Amino acid sequence: MSLRGFSKAVARLPHLVMSKSGYSSETTDPEYTDLEERFKLLDTSARKLSEDSKKFKDALSSLLAHQESFAATLLEVYSPITPHLTSPVAADGEKPISLQAAQEFANFSQATRQFLLPDLETIERRLVAPSMDLVMLLDNVKKVITKRGHKLLDYDRHREAVKKLKEKERSVSDEKSLGKVEIAFDQASREYNHINNLLKSELPVLLQLKAPFIDPCFQTLFWYQLNVHQVLSQAYGDLIKLPAFDVSLSAAVGFETKVAAQAALLDDLSLVYRNRKSVPSNNPLSPDYVAPGVPDTADSSSPHKLQSPQHAEPPSYATSSQHQSVNSFKQLHGSYGSSIQQPPFERAYSETEDPTATFVTALYDYQAQADGDLSFMRDDRIELIERTADPNDWWTGRLRGATGIFPGNYVT
């Protein structure tokens, strides 16, 4: 805003405030008010047309691009994951129908995009650009309407100033002021009447031109949409003739039929479930161990429910020759053996492993139940010193400098 414009805005401010608060009268023109309301509706419609035309063009461009990308994704899904083991060509020399349909869909998508993409320039030239030009034209008209509002304020404030001076008893200085105010009022009247009459004469012409302006844009939009519909209808009309598609069923029925079959296959594929059904183990200490002759207590209605792990008890001390030796040692040496405390074990140990030694790996945690037992944690590597042929017996091992016996069915 220039300095002159700023000075005029400051001069108009008092009268603007008084007119908004009802302390000053405001000139009204019903004919112009009606034209201005109709112009506002035209301006709102034109801006919506411009925004929607750009969205329409962008949506069509995205549709064609994403359709081709979707076709490429389908090809990746239906193509064999391991081509060296599974060939896309069946034993009879023909491709699977799903892969063939995906390839045909990719070909149709690429062909329709190449055919329709150049026509997007027509949308830009005949719909988007004209609607933007209309918005720019209406912006210029709005500037004239804003200027008319400023001239109306000048007209009203000078009219009020003349009225106040004429109604009061005037002195010599008031007579001089009245002359100056009357000159300003005459100038404001001529400027206001000029721009007001201009708008009242040309706004009706502009409002009458909205239909002739919109008609070509609407026809362009209609014919392009019809062209898109015809091209896609013809392309996919040929596509549904492939054996992969059963047009005798609705989309909903066809989906339900296929998804039910896939769900039945997934019920047998426990790999996709987090809590999948466990496989029975022959190891009595395994959490999935089921004793011979004992039925599975899992809920048959939920094939993927996992049973709570139940570890087998360690072998009995009475049947262990190692424990008998330990008991004899305790009898000979009294409480000496019991005064020896096994150092608390840790996972890290600095001793170097003997390359000739035999090691076993702990399957479960085991805490010593009596003197002479060897405590360990799951995944510990235990140096095997003595073992028996029976895995359910007690074996002797060394871990972190401590030597003791442990259940053989706790290691592997």
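Let's start with one residue: at 22% relative accessibility, Arg 113 counts as partly exposed. Arg 113 shares a salt bridge with Glu 68, and a search of the whole structure finds 19 salt bridges. Please keep in mind that this is a predicted model.

**The chain as a whole**
- The protein chain has nine helices and four strands, and along the sequence the pattern reads α-α-α-α-α-α-α-α-α-β-β-β-β.
- Of its 412 residues, 27% count as buried.
- The accessible surface comes to about 27,700 Å², and carbon and sulfur atoms account for 57% of that.
- Among contacts between residues at least 6 apart in sequence, 68% join residues at least 24 apart.

**Salt bridges between helices**
- Glu 68 and Arg 113 meet through their side chains at 3.5 Å, N to O.
- Glu 68 lies in helix H2 and Arg 113 in helix H3 (residues 97-116), so this pair ties together parts that are 45 residues apart in sequence.
- Glu 68 is partly exposed, with a relative accessible area of 23%.
- Glu 31 and Lys 200 form another salt bridge, at 3.4 Å, N to O.
- Because Glu 31 sits in helix H2 (residues 30-78) and Lys 200 in helix H5 (residues 172-208), the pair joins parts that are 169 residues apart in sequence.
- Glu 31 is partly exposed at 46% relative accessibility, whereas Lys 200 is buried at 19%.

**A salt bridge between strands**
- The side chains of Arg 398 and Glu 383 meet at 3.2 Å, N to O.
- Arg 398 belongs to strand S3 (residues 394-399) and Glu 383 to strand S2 (residues 381-386), 15 residues apart.
- Arg 398 is partly exposed, at 31%, while Glu 383 counts as buried, at 19%.

**A network**
- Salt bridges also link Asp 43, Arg 47, Asp 139 and Lys 142 in a network.

Technical notes
Residues numbered from 1 in each chain as written. Predicted model: local features only at pLDDT ≥ 70, side-chain atom pairs only at ≥ 80, totals over all residues. Heavy atoms only, no water. Helix = DSSP H or I, 4+ residues; strand = E, 2+ residues; numbered from the N terminus. Buried < 20%, exposed > 50% of the residue type's maximum accessible area, 1.4 Å probe, protein only. Contact = heavy atoms within 4.5 Å. Areas by Shrake-Rupley, 256 points an atom, 1.4 Å probe, with all protein chains shown as cover. Salt bridge = Lys/Arg side-chain N within 4 Å of Asp/Glu carboxyl O.
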